[in-house]
Amino acid sequence: MIVKINFTEPFRGVGYSDYDRSSPCKFYGDGGKYYELRMPLKGCGTKQEAPRIFLNNIIIRFHRSLELEEDEIKTII
């Protein structure tokens, strides 16, 4: 899966699969407003719910080392 993420303001945080913070399925913001996260259908916490239906949670943290109230969890189906 390729997850395309757009931000309205420059992003300098981190986004990663809910599976594991040390997972290779992550990206670091460098001030851009558009990012792509590649997630395999087998790995990085992706679960198959039914034939042809895959599910994963993406954590979007707006600060690289702190958890903030405005951080978000997005479910990708």
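These legends accompany close-up views of a predicted model.

**View 1. Phe 7 meets Tyr 35 edge-to-face.**
Let's start with the rings: a search of the whole structure turns up 7 aromatic pairs. In one of them, Phe 7 and Tyr 35 sit edge-to-face, with 6.1 Å from centre to centre and 75° between the planes. This pair links distant parts of the chain, since its members are 28 residues apart. Phe 7 lies in the loop between strand S1 (2-6) and strand S2 (14-17), while Tyr 35 belongs to strand S4 (residues 34-38). Phe 7 has a relative accessible area of 15%, so this residue is buried. Tyr 35 counts as buried too, because its relative accessibility is 9%.

**View 2. Phe 27 stacks with Tyr 35.**
Stay with Tyr 35 for a moment and look at its pairing with Phe 27: the two rings are stacked, 5.2 Å centre to centre, with 20° between their planes. Both Phe 27 and Tyr 35 are buried. Zooming out a little, ring pairs connect Phe 7, Phe 11, Phe 27, Tyr 35 and Phe 62 into a cluster.

**View 3. Strand S6 pairs with S2.**
Now for the strands. S2 and strand S6 (residues 53-61) run antiparallel and are paired over 4 bridges. To find your way along this pairing, look for Tyr 16, which stands opposite Ile 59 in S6.

**View 4. S5 and S6 form a hairpin.**
Strand S5 (residues 47-50) is joined to S6 by 3 bridges, and the two strands run antiparallel. A handy landmark here is Lys 47, which has Leu 55 of S6 opposite it. The hairpin has 2 residues between its strands, and Arg 52 takes a positive phi near 70° in this hairpin. If you like checking backbone torsions, Arg 52 is one to look up.

**View 5. S6 also pairs with S7.**
Here S6 and strand S7 (residues 72-76) are antiparallel, with 5 bridges joining them. Asn 57 has Thr 75 in S7 as its bridge partner.

**View 6. Leu 68 lies in the loop between S6 and S7.**
Is Leu 68, in this last view, buried or partly exposed? Leu 68 is partly exposed, because its relative accessible area of 31% falls between the 20% limit for buried and the 50% limit for exposed. With neighbours within four places in sequence left aside, Leu 68 is in contact with Phe 62 and His 63. Phe 62 may look familiar, as this residue is part of the ring cluster in View 2.

Note on methods
Residues are numbered from 1 along each chain as its sequence is written. This is a predicted model: local features need pLDDT of at least 70, side-chain atom pairs count only at pLDDT 80 or more; totals for chains, interfaces and linings use all residues. Side-chain values use heavy atoms; hydrogens and water are left out. Rings of Phe, Tyr and Trp (its six-membered ring) pair if their centres lie within 6.5 Å; planes under 30 degrees apart count as stacked, over 60 as edge-to-face and the rest as tilted. Buried means under 20% relative accessible area, exposed over 50%, partly exposed in between (1.4 Å probe, protein chains only). Two strands pair if DSSP finds at least two bridges between them. Contact means heavy atoms within 4.5 Å.
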